[in-house]
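Work through the following exercises with the model open beside the text. Each one sets a task and then takes the solution in steps.

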Amino acid sequence: MRKRRTVAKVRKPEVRLPPLEAYEGGLEPDGDYDGVELDGLDLTGQNGVGARFLDCAVRDCGLDEVRLTAARFLDSVLDGVRGVGTDLAEAQLRDVEVVDARLGGVQLHGAVLERVWVRGGKIDYLNLRMARLRDVLFEGCVLSEPDFGGAVLERVEFRDCVLAGADFSRAKLTDVDLRSAQRVDIARGVDSLAGAVISTAQLLDLAPVFAAQLGVRVEDV
């Protein structure tokens, strides 16, 4: 009898923030933020390229057009952040919780996400092209037209969330669990889903996409 292969579980972050000091200033390139809380700040258009956030909480802040290219978020929480065009290209997120975010057009291409938990909220046009994701859990959130093109995903789970119009073109997947997602809609890259696990119901929903990829026409007599 063939042994059933189990899916490796995502290792969630366990963020335990120390007592934080309120921070009311702005962002600076290569800034060093350690043990501070940014609460309710409007950071629109600010430049935090290369900044480091260690043991920080960013709560209810406006992040429209903020430049955080190559920034590092370590052992930190992003709670209730909102904005359009936030640039986090080539950023590093390690042991980070993202809670109830409302974001659009977020640039995370080339970024590295390790032990990241995205809970609730809605993210439109998330750009994760060529990014590396390991131990990432998307839970109870809506991802509209996310782009995973060329990304490497290892131990990534989509739990109780909506994945709409996703692009997995040339992505490499290992232990990617889609079974408990509310909705899985693959716009491109269905041929790159090797390494993912889906449910029987999802297989039936995706059957037309798989057939189209194989060049099979489905017609009733």
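**Exercise 1. Identify the residues that line the second largest cavity, and state its volume and the character of its lining.**

Step 1. The lining of the second largest cavity is made of Leu-27, Leu-38, Leu-43, Phe-53, Val-58, Leu-63, Leu-68, Phe-73 and Leu-78. A cavity here is a set of points, on a 1 Å grid over the protein atoms alone, where a 1.4 Å probe fits but cannot get out, and lining residues have an atom within 4 Å of a point.

Step 2. The volume of this second largest cavity is about 60 Å³, a volume being the space filled by probe spheres set on the grid points, which are joined across faces, edges and corners.

Step 3. Sorted by type, the lining has nine nonpolar residues, no polar and no charged ones; Ala, Val, Leu, Ile, Met, Phe, Trp, Tyr, Cys and Pro count as nonpolar, Asp, Glu, Lys and Arg as charged, and the others, Gly among them, as polar.

Before going on, note that this is a predicted model, in which local features need pLDDT of at least 70 and side-chain atom pairs count only at pLDDT 80 or more, while totals for chains, interfaces and linings use all residues. Residues are numbered from 1 along each chain as its sequence is written, and side-chain values use heavy atoms, with hydrogens and water left out.

**Exercise 2. Describe the surroundings of Phe-53, one of the lining residues just named.**

Step 1. Phe-53 belongs to strand β4, residues 52–54; strands (E, at least two residues) and helices (H or I, at least four) are DSSP runs numbered from the N terminus.

Step 2. Phe-53 counts as buried because its relative accessible area is 2%, where buried means under 20%, exposed over 50% and partly exposed in between, with a 1.4 Å probe and protein chains only.

Step 3. Setting aside residues up to four places away in sequence, Phe-53 touches Leu-27, Tyr-33, Leu-68, Arg-72, Phe-73, Leu-74 and Ser-76, a contact being heavy atoms within 4.5 Å.

Step 4. Between the C-alpha atoms of Phe-53 and Phe-148, which are 95 residues apart along the chain, the separation is 25 Å.

**Exercise 3. Characterise the largest cavity and say which elements contribute to its lining.**

Step 1. Three cavities of 30 Å³ or more are found in the structure, and the largest of them holds about 230 Å³ of space.

Step 2. Its lining has 19 residues, of which Leu-88, Leu-93, Val-98, Leu-103 and Leu-108 are the closest to the centre.

Step 3. Two or more lining residues come from each of β6 (72–79), β8 (92–104) and β9, and β9 gives the largest share, four residues.

Step 4. By type, 18 of the lining residues are nonpolar, one is polar and none is charged.

**Exercise 4. Find the best-connected members of the largest nonpolar core, and trace the strand pairing around β12.**

Step 1. The largest nonpolar core has 59 residues, and those touching the most other members are Phe-73, Leu-133, Phe-138, Phe-148, Leu-153, Phe-158 and Phe-168. Such a core is a set of buried Ala, Val, Leu, Ile, Met, Phe, Trp, Tyr and Cys residues joined through side-chain atoms within 4.5 Å.

Step 2. Phe-148 is in contact with Leu-133, Leu-153, Phe-158 and Phe-168, among others, when neighbours within four places in sequence are left out.

Step 3. Strand β10 (residues 132–139) runs parallel to β12 (residues 152–159) and is joined to it by seven bridges, two strands being paired if DSSP finds at least two bridges between them. Leu-133 has Leu-153 of β12 as its bridge partner.

Step 4. On to β14 (residues 172–177), β12 makes five bridges, again in parallel, with Glu-154 opposite Thr-174.

**Exercise 5. Compare two loop residues, Asp-60 and Gly-80, by position and accessibility.**

Step 1. Asp-60 sits in the loop between β5 (57–59) and β6, and its phi is near 55 degrees, a positive value in a residue other than glycine. Asp-60 counts as partly exposed because its relative accessibility is 40%.

Step 2. Gly-80 sits in the loop between β6 and β7 (82–84), and is buried, with a relative accessible area of 15%.

Step 3. The two residues meet, since the contacts of Gly-80 beyond four places in sequence are Asp-60, Cys-61, Val-99 and Asp-100.

Note on methods:
1 Å grid on protein atoms, 1.4 Å probe; cavity = no way out; pocket = protein on both sides within 12 Å on 5 of 7 lines; lining within 4 Å.
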